[in-house]
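Please open the two protein chains in a viewer and keep the selection panel at hand. The tour below proceeds stop by stop, with a selection to make at each one.

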Amino acid sequence: MNILVCMKQVPDPQASSSGTTVDSEAKKVIMPQGTPPVLNPYDENALEAALKIKDAQGAKVTVISAGKNMAKTVLRKSIAVGADDLILLEDAAFENMNSYETAHVLVAAIKEIGEYDLILCGRQAADTDAGQVGSGIASILNLPCVTAACKLDISDGKAMVQRVVSDGFEDVEAPLPAVITASSEIGEMRYPGVKEIMAAQKVRITSRKASDLGVDVSQLKKPNLVSLDSPPGRTTDCQMVEAETPEEAGADLAVKVRESQIL
Amino acid sequence: MALEDLRATVTRCSRCSYCKWIPFAHVKSWRFAKGCPSIEYNKFQSYSASGRLCASLSLLEERSSYFDEGLVDIVFKCMLDGCCDVACKINRYDFEPVEVMRQMRFKMIDNGCYPPQDMPLIDHLKKEDNMMMAAKADRANWAEGLGVKDLTEEKAEVVFHVGCRFSFDEELWRVPRTVVDLLNKAGVDFGILGKDENCCGGRVCDMGYRGEFIKYAENNIDAWKNAGVKTVVTGCSDCYHAFKRLYPEEMEFNFEVVHITEYIERLINEGKLKFTKEVPMTITYHDPCHLGRRGEAHVPWKGEQKKVRGHVLVWEPRRPRYNGAQGVYETPRNVLKSIPGVKLVEMERNREYAWCCGAGAGVRERYPDFSEWTAGERIEEAKASGAEAIVSACPHCERNFMDAVAEKNESLKVFDILDLVREAI
Ligand code: SF4
Ligand code: SF4
């Protein structure tokens with residue numbers, strides 16, 4: 001069984017919020033100096049789902065990532081946890097692509113690989129939160145797509161998927177090959193040991209440029225970011241409700257909340 | 001500050017190589033004349049301060065890239081101990097080689113170019129708030145049975161910040177336990193944050209992860225504010241450097257920061273601490289870099305760089321000068337000298353031109369062989385001084401020396417100043 005996992009390198013979502021600033025003029029988010037990029041946490045979940053299948057029934061897991069100036073040390077973490085191959089699609093033109101273009105570039109690599117039974121992605125990226133690449137890949141390849149998976153079982157050439165929906169869970173069956181996007185509930189990525197991390201640095205990885213993939217870079221569209229601003233500052237005002245009894249305090253509080261039109 | 005703002009240093013380095021040696025006026029022998037462990041161990045120009053300035057110029061001019069092979073090794077195989085900085089500033093007082101090397105690290109980290117062995121350490125730090133790969137829940141085990149005030153529940157004017165190494169290195173627990181004993185005896189109203197104490201972030205900042213450092217600095221300041229703290233006492237030089245230099249550089253900071261040796265000297269001078277027993281021993285004192293040359297207090301400065309007479313660069317107003325002169329050197333020596341029976345002898349390289357212990361800026365964690373070699377060099381120097389023990393004021397130096405002594409099967413003893421103080425009371 002061949003599983004492909006699409007992986008994005010993102011700015012650390014756990015970075016200090018006070019140290020993160022927005023440059024409205026350059027329309028850029030400035031991370032605090034000295035903050036390394038990380039693997040997109042949802043993509044880590046997708047990789048973990050792939051590794052679980054590999055553990056249970058054996059599979060070849062290939063990780064694909066597209067971008068510019070990619071941090072190989074960071075991306076090699078996927079090999080350290082158990083992926084068999086890492087393919088980097090690296091090109092200056094692959095910077096800041098919109099989701100659909102990213103899906104196109106990934107599909108070019110997927111077609112080159114040729115053999116696959118399952119394509120896994122994270123449900124969304126921690127930086128843009130767009131959540132469109134997975135469905136984009138599925139639509140270009142004309143494959144079934146199941147999003148926000150929290151459980152995944154593969155048997156008899158079918159994927160049994162449980163999805164997270166707003167009011168509970170939904171069980172879906174999809175024929176393979178299919179594209180499935182993983183939610184965090186599917187499981188946190190296992191942690192590699194130092195030995196595995198060091199060994200992963202020596203594994204040969206494949207690098208492909210736009211021209212290798214036959215991608216026409218002039219056709220790649222960048223998202224048109226209209227404006228980027230810091231969220232408005234929040235002010236807090238604390239008023240204590242004084243009353244004789246808790247019941248009275250509760251009633252007074254309800255009146256205040258209604259008066260101030262919070263509820 | 002950013003690497004781009006340090007062009008004046010980067011472009012004007014004359015490759016004189018002073019940065020590889022201790023200040024020439026202090027050289028006593030060929031054997032102990034070198035100041036930079038990195039160039040001495042790696043024996044290649046790029047591994048000196050001057051070599052790294054060269055590399056950073058190439059990066060600034062975009063002649064090379066942060067992703068180039070070999071750059072990770074060059075940038076991170078260095079303790080940021082700052083001996084180069086002291087030697088360089090003898091002739092080039094306005095140069096900032098250590099600052100350039102720090103900024104290079106930040107840039108490397110921003111690009112995700114770092115030694116892969118960092119990964120478990122940093123991920124663990126994010127989860128457990130310590131640099132020792134230990135569980136946060138065990139952080140206060142060293143204080144068991146001491147009944148120290150818990151500042152997450154009570155208030156006190158003084159917080160004893162123990163630090164990661166002292167909190168989790170069982171062989172060194174005797175030191176923080178002695179601190180508690182001494183502060184109690186002297187009637188100081190103090191407390192600890194116990195298992196809620198966080199890493200100071202200083203080491204991780206030197207390793208290049210300034211983003212992590214900022215989070216810890218903010219958390220620590222908040223915790224101290226909530227506990228009504230005015231003074232922060234620490235026995236760890238890394239923490240001292242973080243609080244004294246890095247925190248005020250980055251954010252509003254209104255606490256007095258005192259290293260435990262300074263506190264002890266204060267108690268001795270006030271007559272609150274008296275030594276009654278002899279400790280007959282010939283010892284030498286190892287200056288921890290982060291208490292000495294890198295432990296100088298932050299001096300606020302805002303200004304700009306100007307050119308006068310067409311080519312001379314000046315800063316207006318005058319910039320504070322960090323050349324190691326204001327580090328803590330005499331205090332620990334005064335404490336040691338006041339212990340009856342102790343004979344203090346100096347190593348050839350001391351004070352602002354002391355040889356590093358090898359543990360700093362992540363080298364112990366990243367490159368254990370280099371770290372141990374550096375400690376071994378210091379052990380040789382201590383032996384040559386005729387001392388029977390090497391005494392320091394930092395748990396990181398002590399752990400590195402203890403390991404090097406054990407590895408080399410040496411008989412030299414390794415102590416913290418507090419060990420001798422405890423014996424003398
Ligand atoms: S860094 Fe300073 S001491 Fe070293 S070569 Fe350059 S000018 Fe000379
Ligand atoms: S900080 Fe220390 S190891 Fe690094 S270049 Fe300077 S003297 Fe050498």
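For the count of charges used at the first stop, Lys and Arg are taken as positive and Asp and Glu as negative, whereas His and the chain ends are left out. The model on display is predicted.

**Stop 1: chain A as a whole**

Select chain A and colour its charged side chains. There are 26 positive and 37 negative side chains, and the centres of these two sets are 9 Å apart. Switch next to a cartoon representation: chain A contains eight helices and 13 strands. Its C-alpha trace extends over about 75 × 45 × 40 Å along the principal axes. With a surface displayed, the accessible area of chain A amounts to about 14200 Å², and carbon and sulfur atoms hold 49% of that area. Of the 263 residues in this chain, 40% count as buried. Among the contacts in chain A with a separation of 6 or more, 72% are between residues 24 or more positions apart.

**Stop 2: the two domains of chain A**

Colour residues 2-219 as domain 1 of chain A and residues 233-263 as domain 2, following the domain assignment. What distance lies between the C-alpha centres of domain 1 and domain 2 of chain A? The two centres are 46 Å apart.

Now select A:Ser230, in the loop between α7 (210-213) and α8 (246-259) of chain A. Its relative accessibility is 44%, so A:Ser230 counts as partly exposed. Add A:Thr21 to the selection: 209 residues separate it from A:Ser230 along the chain, yet the two C-alpha atoms are 7.3 Å apart.

**Stop 3: a buried threonine**

Move to A:Thr62, which belongs to strand β6 (residues 60-67) of chain A. Is A:Thr62 buried or exposed? The cut-off for buried is under 20% relative accessible area, and A:Thr62 has 5%, so A:Thr62 is buried. Leaving aside residues up to four places away in sequence, A:Thr62 touches A:Ile3, A:Leu4, A:Val5, A:Asp85, A:Ile87 and A:Ile113.

**Stop 4: backbone details in chain A**

Select A:Leu176 and A:Pro177 and inspect the bond that joins them: this peptide bond is cis, with omega about -5 degrees. A:Pro177 sits in the loop between β11 (168-175) and β12 (178-182) of chain A.

Then select A:Asp156, in the loop between β9 (145-155) and β10 (158-165) of chain A. Its phi is near 50 degrees, a positive value in a residue other than glycine. A:Asp156 is exposed, with a relative accessible area of 72%.

**Stop 5: the interface between the chains**

Display both chains and select the residues in contact across the interface: 23 from chain A and 25 from chain B. Together the chains bury about 2000 Å², of which 56% is on carbon and sulfur atoms. Which three residues supply more of the area that chain A buries against chain B than any other three? They are A:Gln33, A:Gly34 and A:Thr73, which supply 29% of that area.

**Stop 6: the domains of chain B**

Colour chain B by its domain assignment: domain 1 (1-114), domain 2 (118-269) and domain 3 (275-292 + 327-425). Between domain 2 and domain 3 of chain B, the C-alpha centres are 22 Å apart. Their contact involves 30 residues from domain 2 of chain B and 32 residues from domain 3 of chain B. These two domains bury about 2800 Å² between them, with 61% on carbon and sulfur atoms. On the domain 2 side, highlight B:Arg165, B:Arg203 and B:Thr261, which supply 22% of the area buried by that domain against domain 3 of chain B, more than any other three residues.

**Stop 7: a buried arginine**

Select B:Arg245 in helix α12 (residues 237-250) of chain B. With 13% relative accessibility, B:Arg245 counts as buried. The residues that it touches, not counting those up to four places away in sequence, are B:Tyr240, B:Arg294, B:Glu296, B:Ala297, B:His298 and B:Tyr322. B:Val299 is 54 residues from B:Arg245 along the chain, and their C-alpha atoms are 8.3 Å apart.

**Stop 8: backbone details in chain B**

Select B:Glu316 and B:Pro317, whose connecting peptide bond is cis with omega near -10 degrees. B:Pro317 is in the loop between β8 (312-316) and α14 (330-337) of chain B.

Finish at B:Leu80, in the loop between α4 (71-76) and α5 (83-91) of chain B. B:Leu80 has a positive phi of about 50 degrees although it is not a glycine. With a relative accessible area of 1%, B:Leu80 is buried.

Definitions and conventions. Residues are numbered from 1 along each chain as its sequence is written. Chains are lettered from A and ligands numbered from 1 in the order in which they are written. This is a predicted model: local features need pLDDT of at least 70, side-chain atom pairs count only at pLDDT 80 or more; totals for chains, interfaces and linings use all residues. Side-chain values use heavy atoms; hydrogens and water are left out. Helices (H or I, at least four residues) and strands (E, at least two) are DSSP runs, numbered from the N terminus. Buried means under 20% relative accessible area, exposed over 50%, partly exposed in between (1.4 Å probe, protein chains only). Contact means heavy atoms within 4.5 Å. Accessible areas come from the Shrake-Rupley method with a 1.4 Å probe; for residues, only the protein chains shown count as cover. The place of a charge is taken as NZ of Lys, CZ of Arg, CG of Asp or CD of Glu. Domain bounds come from an automatic or database domain assignment. Buried area is the accessible area (1.4 Å probe) that two parts lose on being put together, summed over both.
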